Amino acid sequence: IDCCVLANNHVLDWGWAGLQETITTLRRAGIRTAGAGRDAEEAAAPAVLRLPDGTRILVFGFAATTSGVPLDWAAGAESPGINLLPDLTVATAERLSSAARQRRQPGDLVIYGCTFLPSAGHTAVILINGDQDPQEQSCTLVYEKAHLPPNNWLDQAMEALSPDAKP
């Protein structure tokens with residue numbers, strides 16, 4: 001295991017001390033984390049992985065209240081928590097995509113680890129479309145985790161990329 005996305009509706013089941021212990025334990029084991037941290041900046045920062053050929057993978061993690069994450073679990077300027085999205089609007093998706101573009105280097109791959117309801121497929125499509133750079137041979141993968149059966153958001157996202165693409 002190289003990376004663990006911690007932005008989910010169970011990461012604080014054992015309280016704030018449990019989150020701190022989880023982060024510390026994962027880091028001591030050499031496992032990078034995304035989506036939670038000791039403050040908002042750390043929670044929003046991507047985990048950076050390197051492939052043997054030098055390619056970087058940026059893993060961003062975030063969650064939405066639609067998946068059962070309470071608002072008070074959000075990391076603050078000086079408080080631990082998760083990278084909690086304020087909403088699932090176009091503006092939020094564009095902000096996430098812009099943050100990834102600012103950190104991305106040529107050839108990087110980007111993964112968005114999301115915890116929200118499957119009905120948020122429009123956000124996934126925006127992230128994928130907004131993060132494409134025709135000058136780069138890079139890709140973006142968006143995945144979600146929810147307790148409900150998935151709908152066709154991945155099909156919609158793939159269709160937005162290429163009418164012939166299928167998951």
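**Pocket lining, strand pairing and burial**

Analyst: Helix 2 (40–44), strand 5 and helix 3 each supply at least two residues to the lining of the largest pocket. The model is a predicted one.

User: What makes a residue count as part of the lining, and which residues come closest to the centre of the largest pocket?

Analyst: A lining residue must have an atom within 4 Å of a pocket point. The largest pocket, with a volume of about 210 Å³, has 14 such residues, and A44, N83, R95, L96 and A99 are the closest to its centre. Helix 3 contributes the most to the lining, namely five residues.

User: How many residues of each class make up the lining of the largest pocket?

Analyst: Nine are nonpolar, two polar and three charged. Since Ala and Leu belong to the nonpolar class and Arg to the charged class, A44, L96 and A99 fall in the nonpolar class and R95 in the charged class.

User: Why is S97 called buried?

Analyst: The limit for a buried residue is under 20% relative accessible area. S97 has 2%, and therefore counts as buried. This serine belongs to helix 3 (residues 90–103).

User: How do you know that the side chains of S97 and R101 make a polar contact?

Analyst: A polar contact requires a pair of N or O atoms within 3.5 Å. The contact that joins the two side chains is 2.9 Å, so the pair of S97 and R101 satisfies the distance limit.

User: Why is E42 described as partly exposed, and why is A77 given another class?

Analyst: Partly exposed covers the range between the buried limit, under 20%, and the exposed limit, over 50%. E42, at 26% relative accessibility, therefore counts as partly exposed. A77 has a relative accessible area of 71% and is therefore exposed. E42 is placed in helix 2, and A77 in the loop between strand 5 and strand 6 (81–82). The two residues are 35 apart in sequence, with 9.6 Å between their C-alpha atoms.

User: What makes strand 4 and strand 5 a pair, and in which sense do they run?

Analyst: Two strands pair when at least two bridges are found between them. Strand 4 and strand 5 are joined by four bridges and run antiparallel, so the requirement is met. Among the matched residues, L49 has I57 as its bridge partner, and V48 stands opposite L58. In the hairpin of these strands, five residues lie between them, and G54 takes a positive phi near 95 degrees.

User: How do the side chains of strand 4 show alternation?

Analyst: In a regular strand, side chains alternate between the two faces of the sheet. In strand 4 (residues 47–50), A47 and L49 point to one face and are buried, while V48 and R50 point to the other and are not buried.

User: What is the evidence that both faces of strand 5 are covered?

Analyst: R56, L58, F60 and F62 on one side are buried, as are I57, V59, G61 and A63 on the other. The count for strand 5 is eight of eight residues buried.

User: How do you know that strand 5 also pairs with strand 7, and what is the sense of that pairing?

Analyst: The threshold is at least two bridges. Strand 5 (residues 56–63) and strand 7 have seven, in the parallel sense, and therefore count as a pair. In strand 7, L109 is the bridge partner of I57, and G113 is the bridge partner of G61.

User: Why is C114 called buried, and what is the burial of the strand that holds this residue?

Analyst: The relative accessible area of C114 is 0%, so this cysteine is buried, given a cut-off of under 20%. C114 is located in strand 7, where five of seven residues are buried (residues 109–115). C114 and A7 lie 107 residues apart in sequence and 7.5 Å apart in space, C-alpha to C-alpha.

User: What makes F60, F62 and Y112 relevant to the aromatic pairs?

Analyst: Aromatic rings pair if their centres lie within 6.5 Å. The whole structure contains two aromatic pairs, and F60, F62 and Y112 form one aromatic cluster.

User: How many helices and strands does the protein have, and in what order do they run?

Analyst: There are five helices and eight strands. From the N terminus the order is β-α-β-β-α-β-β-β-α-β-α-β-α. Of the 167 residues, 43% count as buried.

Terms used
Residues are numbered from 1 along each chain as its sequence is written. This is a predicted model: local features need pLDDT of at least 70, side-chain atom pairs count only at pLDDT 80 or more; totals for chains, interfaces and linings use all residues. Side-chain values use heavy atoms; hydrogens and water are left out. Buried means under 20% relative accessible area, exposed over 50%, partly exposed in between (1.4 Å probe, protein chains only). A polar contact is a pair of N or O atoms within 3.5 Å; within protein, one must be able to donate a hydrogen and the other to accept it, and residues adjacent in sequence count only if both atoms are side-chain atoms. On a 1 Å grid over the protein atoms alone, a cavity is a set of points where a 1.4 Å probe fits but cannot get out, and a pocket is an open set with protein on both sides within 12 Å along at least five of seven lines; lining residues have an atom within 4 Å of a point. Grid points are joined across faces, edges and corners, and a volume is the space filled by probe spheres set on the points. Rings of Phe, Tyr and Trp (its six-membered ring) pair if their centres lie within 6.5 Å; planes under 30 degrees apart count as stacked, over 60 as edge-to-face and the rest as tilted.
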